[in-house]
Amino acid sequence: MVNDLSLIKNKKALAWIKEQIALCTPDKVHVMDGSIEEIRELNELLVKKGTFLRLNPEKRPNCFYTRTNPGDTARVEAATFICSKKQEDAGPTNNWMDPTQMKKKLHALMKGCMKGRTMYVIPFSMGPTGGKISRIGIEITDSGFVAANMRIMTRVGTEVLKVLGTDGEFVPAFHSVISPLEPGQKDIPWPCDLKNRYIVQFPETREIISVGSGYGGNSLLGKKCFALRIATVLSRDEGRSLAEHMLVLGITSPEGKKHYITAAFPSACGKTNLAMMNCSLPGWKVTVVGDDIAWMKLNKDGRLYAINPESGFFGVAPGTSEESNPNALRTCEKDAIFTNVALTTDGDVWWKGLTDQPPANAITWKGKKWTRGVDDPKELCHPNSRFTADISNCPVVDPAYHNAPDGVPVDAIIFGGRRESVVPLVFQSRDWNHGVLLGSSVASERTAAAEGKMGELRFDPFAMLPFCGYNMADYFSHWLSFPSKTDPAKLPKIFHVNWFRKENGKFLWPGYGENSRVLKWIIDRIEGKENSAVETPIGYLPTIESLDLSGLDIPKEDLKKILTVDVDAYLSEVQKIREYHSQFGSHLPSKLSAELDALEARLKQAKN
Ligand code: GTP
Ligand code: SPV
Ligand code: MN
């Protein structure tokens, strides 16, 4: 391990790192160079310490297994703060505290917090290193788990430092598990400080400080903290950019025509699955650019281009199977990290849905011996258990991921949520502003990706509720500003989907690879195919004839249910949206209220 800051030539970075060393008093400092040797050594060290278990190299070469503290298994939204100078700028949907006060509180926790530990300094690039839309961050962390994950999820090392140079800009991102070690004290398997978890963004100074949690989105600071919370602010200020909780996919028709589509669904609502699906429609192919985050920018040609700022997938394990997502399974066959899944007796992993039956014997994510037929299958893996895998290992990675550092042109943007009732399978917005209304009124049943009560319906505008770094209503305004910044005809068309309609506890739509039928319809709409839709009060819906359902056995009554607008249910939906929007007060853009009024008027007219 290097204990040397000589790699850091950036003056501001050096000063910041030295300050953190003085405050946190780590035993060692390691600046990550991103080399293969370095990550090998780090993985070995984590195995030696018991943080990682090496999986069976014959079954899963270069793969590791880890278990978190049972209380540290998901993002903690209650502990996530946007500390702008004025509370109004954080808006009513974010937790807020005065930045000076928050810093005081955090510094008290940070004092001596790395005692007995190694401080990893991780220079990382979000987006291709040196790319036009890319941005640089430096994460400081005392978690080897975080360092190993960041090495997969972002571009790390000396190349990044080269681009940063002596005076380049970077986002300082501090992370500590706040679990100092006394001499001779054994490192507990999963260090964290459950009572003192704070995931804090300072939008004005573009800083991140996260303490107490070692888990995923709380600690891999390039992901939600930088690429969304800080980047939404940077994008607003830049004016022609967006930072979104969206997958980016390419879809090629049997005739060889390619389109790029982005889609925003709340956490654990199907982005990873859609982004790399195997199309059930013969001859169609989906390729993945990204599965969680998109940075988009208006280009000189007037079109919106998207990049994936990440370089890996931090995917939900349960539900990932040969039937639902074979490409995700291929991606984590090697070089992957598995968190909170079950361990099999032959040194492999298992999670709910991987196979119909669990293995006869296993060890649960809490480290308990488990026997089929005796113990409860629910104990095997955590519902938010995850795999961290390198996007380059994905068999359907889109060539643009490697070859188009400035992004791919976006033809369509899709919004969606997990809705058992009311919301149809798919519909198209009337225009951009109506599309922004759709984004602003995304609602979903709560999943395991965040702590809280499962299943309850909550609004999650643009799937960004926990990820917007400023006042959500001002973010709506930023979206509404795009038609004035380019030829509106060049903007992507906006759609809404819902794979999750249920009746008697069963899904009405088969989902997964069958969603290609919906994507095909979306492409028909982009291409202006005649008679492909009917106009309804909520937008353009497919007719049963216009959806390609060849080879799909699905009852006609079920199709009718998911392709019909329930006017009364939507009228009460409008009331809920109005109520939700009202919390934004004078920040709510009048254009958006006008869109909602117009929707209500169309629904009322349809009723008469
Ligand atoms: P985050 O990583 O938390 O942002 O989640 P995500 O949006 O990438 O969700 P993901 O694709 O991992 O899916 C989450 C869960 O939804 C998994 O259990 C999937 O099996 C399930 N799911 C995904 N697509 C579909 C679908 O089309 N139909 C149904 N019924 N379930 C789906
Ligand atoms: C999400 O919750 O949206 C995730 C997982 O993608 S995390 O990295 O924890 O944010
Ligand atoms: Mn996500």
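A backbone N or O atom of Thr 272 sits 2.8 Å from an oxygen atom of ligand 1, a good place to start a tour of this predicted model. Ligand 1 has a shell of 22 residues, while ligand 2 lies between two domains because domain 1 (5-51 + 75-239) and domain 2 (242-311 + 399-607) both give residues to its shell. A manganese ion (ligand 3) is coordinated by Lys 224, His 245 and Asp 292.

**Ligand 1: contacts and cover**
- Tyr 512 places a polar side-chain atom 2.7 Å from an oxygen atom of ligand 1.
- In the side chain of Arg 418, an N or O atom is 3.2 Å from an oxygen atom of ligand 1.
- On its own, ligand 1 has 660 Å² of accessible area, and the protein covers 92% of that.

**Ligand 1: who makes up the shell**
- The closest residues are Ala 268, Lys 271, Asn 273, Arg 386 and Tyr 512.
- Helix 9 (271-275) and strand 17 (312-316) are the elements that give two or more residues to this shell, and helix 9 has the largest share, with three.
- Sorted by class, the shell around ligand 1 holds 10 nonpolar, eight polar and four charged residues.
- Domain 2 (242-311 + 399-607) and domain 3 (314-391) each contribute at least three residues to the shell around ligand 1.

**The manganese site**
- The donors to the manganese ion (ligand 3) are NZ of Lys 224, NE2 of His 245 and OD of Asp 292, at 2.1 to 2.6 Å.
- Angles among the six donor atoms run from 64 to 173 degrees, and the site is irregular.
- Along the sequence, the donor residues follow the spacing K-x20-H-x46-D.
- His 245, in the loop between strand 11 (241-244) and strand 12 (247-252), and Asp 292, in the loop between strand 14 (285-290) and strand 15 (294-298), are 47 residues apart and link distant parts of the chain.

**Ligand 2**
- The residues around ligand 2 include the manganese donors Lys 224, His 245 and Asp 292, along with Arg 75, Ser 267 and Arg 386, among others.
- Ser 267 brings a polar side-chain atom to 2.5 Å from an oxygen atom of ligand 2.
- Side-chain N or O atoms also lie 3.0 Å from a ligand 2 oxygen atom in the case of Arg 75 and 3.4 Å in the case of Asp 292.
- The protein covers 98% of the 290 Å² of accessible area that ligand 2 has on its own.
- Helix 7 (216-219) and helix 8 (222-238) each provide at least two residues of the shell around ligand 2.
- That shell has three nonpolar, four polar and five charged residues.

Key
Residues numbered from 1 in each chain as written. Chains lettered and ligands numbered in written order. Predicted model: local features only at pLDDT ≥ 70, side-chain atom pairs only at ≥ 80, totals over all residues. Heavy atoms only, no water. Near = heavy atom within 4 Å. Polar contact = N/O pair within 3.5 Å; in protein donor to acceptor, adjacent residues only side chain to side chain. Areas by Shrake-Rupley, 256 points an atom, 1.4 Å probe, with all protein chains shown as cover. Helix = DSSP H or I, 4+ residues; strand = E, 2+ residues; numbered from the N terminus. Nonpolar A, V, L, I, M, F, W, Y, C, P; charged D, E, K, R; others polar. Domains from an automatic or database assignment. Donors = N, O, S within 2.8 Å, 3.2 Å for Na, K, Ca; no water. Tetrahedral: all angles 85-135°; square planar, octahedral: opposite > 155°, others 65-115°.
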